[in-house]
Amino acid sequence: MQHSNAVNRLNRLPISRFHKVTLLAVSFAYFFEFADINSFATTAPKLIHLWGITVNQVAYVTSLSFIGMFFGSVIASGIADRWGRKRALTLTTLFFGIFSFATAFSWDIASLGVFRILTSAGLSAMTVVAVIYVNEMYPAAVRGKYQAYAIVIGICGTPATNLIASAVVPLTDWSWRLVFVWGSLGIAFVFFIRHIKESPRWYESRGDYHAADAVLREIESVVAAEKGPLPEPVPPASEVEPAKASLRLLLQKRYLAPTLLLTVLWVTQTIGFFGYSSWAPTLLAKEGFSVEKSVFYVALTTVGAPLGSYLASLVTDRFERKWCLVAFGTIIALCGLFYGLTFNPVLIVVFGFLVNLVERGYTALGYAYSPELFDNRSRSLGTGISYGLGRLSNAAGPLIVAALYNRSGYQSVFFFIAGTWIVGAIVLALFGPKTRPKRLAEQHEEQSQVAVI
């Protein structure tokens, strides 16, 4: 077999139970990734009281966690290329679940920091693999929508964790540990393994066209049994010889530009979002709100997160993703700034709600946009490196936030965060390539082929 034609064979499939089961599996992994990612932020105010740790120590743990995320992202791209998307998704989800559980048994800030670094590495690794997997398994016409749907379901883990934390953290001196036990439940992903397929596009990237064809035949038989006879796919446009991706590959002109652009996208998103979400409970508590109220207010604001991902699902395939990202980033900057300029509890919740709503939409759009800038050969490496560098940048973010807070006060933190979002929006507006024309061309080819048949 010369070519298994995975892209066109997947593109002409109608959405079926197969796609919905795959969505559920990815959403489950996302749910506990989002459930766990802010667990330290929700427990930090309590640990400041119990262990006597300082804002600077919170900053160091948070910073080191992002170094863990960088290594997780880079390693994940290698694992996904070497062992496959399905196996990588399973291993990374199990990894972060195990170390989240271990965090519940931390005995001091140092041990907690070590466990959080390892957990964060797993969280970031899982995200990179999931983004690539969804990009490769869904038809181009609805790829962005289903990436957003996965986030809609998954992001519910954030308000769930914050509401759970607001209820259990104040109970006793040890109940904060339950927040990390909750985050570890992602281990249950093992029950989804037999229901999802390996990416045939990954097999193609390795030149294993027979394995790709075998998986495609399994998927097509399941879909045809549910939806009826399938149209013939468009013939492959070209047959590119597979090659092993290396870091040197990203230095080539065709890959360097999107890698640099996406690095800026994820650097500004990471500092902008985590500068807000990781610090909001602690800074509110430091400004005189009780631990219970600070965690509760933040929990209320995160209710907007699933709505934001749903908003992204409505616009991501309908409009150019680049301009959606620019608009969303600008709105986040304004709402985040207003959040930092008020101490009125109602306005804190309102503007915090809007920040979470629009930012989660931005993230869903970014997850759909990033893999589209690369081809099969470079997709895993390019996505992993740019996403990882974004996470690595936030090793400095918490230290900057702590320094700004200690020297200039609460509001200066939010001027800094708003500035990062504006920088990201400007860079995307000036240099971001459009991806909608390519998607529309793929759809037109499929429609033309169906019309001929």
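## Exercises on salt bridges and helix packing

Arg 143 is buried, its relative accessible area being 8%, and this residue of a predicted model is the starting point for the exercises below.

**Exercise 1.** Determine whether Arg 143 and Glu 372 are buried or exposed, and state what joins their side chains.

*Solution.* Begin with the accessibility of each residue. Arg 143 has a relative accessible area of 8%, and because buried means under 20%, Arg 143 counts as buried. Glu 372, with a relative accessible area of 12%, is buried as well. Next, turn to the side chains, which meet in a salt bridge at 3.7 Å, N to O. Finally, place the partners along the chain: Arg 143 belongs to helix 7 (residues 143–154) and Glu 372 to helix 17 (residues 345–372), so that the pair, 229 residues apart, links distant parts of the chain.

**Exercise 2.** Locate the partners of the salt bridge between Lys 197 and Glu 218, and classify the accessibility of each.

*Solution.* The closest N and O atoms of Lys 197 and Glu 218 are 2.8 Å apart. Lys 197 sits in the loop between helix 9 (177–183) and helix 10 (200–205), whereas Glu 218 lies in helix 11, and these distant parts of the chain are linked across 21 residues. For the classification, Lys 197 has a relative accessibility of 24% and is therefore partly exposed, and Glu 218, with a relative accessible area of 39%, is partly exposed too.

**Exercise 3.** Describe the salt bridge between Glu 220 and Arg 12, and name the network to which these residues belong.

*Solution.* The structure holds twelve salt bridges, and in one of them the side chains of Glu 220 and Arg 12 meet at 2.7 Å, N to O. Glu 220 is part of helix 11 (residues 209–227), while Arg 12 is in the loop between helix 1 (6–11) and helix 2 (17–37), the two being 208 residues apart. Both Glu 220 and Arg 12 are buried. As for the network, salt bridges with shared partners join Arg 9, Arg 12, Asp 213, Arg 217 and Glu 220.

**Exercise 4.** Work out how helix 2 and helix 7 are oriented to each other, and describe the residues of their contact.

*Solution.* The two helices pack at an angle of about 45°, and their axes are 7 Å apart. Because this angle falls neither under 35 degrees nor between 65 and 115 nor over 145, helix 2 and helix 7 are oblique to each other. Their crossing is right-handed. Helix 2 contributes residues including Leu 23, Tyr 30 and Phe 34, and helix 7 contributes others, among them Tyr 146, Ile 151 and Gly 154. The contact residues divide into ten nonpolar, three polar and no charged. Helix 2 also holds Phe 28, which, leaving aside its neighbours within four places in sequence, is in contact with Leu 185, Gly 186, Ala 188, Phe 189 and Phe 192. The C-alpha atoms of Phe 28 and Phe 192 are separated by 9.0 Å, although these residues are 164 apart along the chain.

**Exercise 5.** Repeat the orientation analysis for helix 5 and helix 6, and give the make-up of their contact.

*Solution.* Helix 5 (residues 85–103) and helix 6 (residues 109–137) pack at an angle of about 155°, with axes 8 Å apart. Since angles over 145 degrees count as roughly antiparallel, helix 5 and helix 6 are described as roughly antiparallel to each other. Their crossing is left-handed, and the residues of the contact divide into 16 nonpolar, six polar and three charged.

Methods
Residues are numbered from 1 along each chain as its sequence is written. This is a predicted model: local features need pLDDT of at least 70, side-chain atom pairs count only at pLDDT 80 or more; totals for chains, interfaces and linings use all residues. Side-chain values use heavy atoms; hydrogens and water are left out. A salt bridge is a side-chain nitrogen of Lys or Arg within 4 Å of a carboxyl oxygen of Asp or Glu. Helices (H or I, at least four residues) and strands (E, at least two) are DSSP runs, numbered from the N terminus. Buried means under 20% relative accessible area, exposed over 50%, partly exposed in between (1.4 Å probe, protein chains only). Axes are lines fitted to C-alpha atoms, for helices over the stretch in contact, and angles run from 0 to 180 degrees between N-to-C directions. A crossing is left-handed if the near helix is turned anticlockwise from the far one by less than a right angle, and right-handed if clockwise. Contact means heavy atoms within 4.5 Å. Ala, Val, Leu, Ile, Met, Phe, Trp, Tyr, Cys and Pro count as nonpolar, Asp, Glu, Lys and Arg as charged, and the others, Gly among them, as polar.
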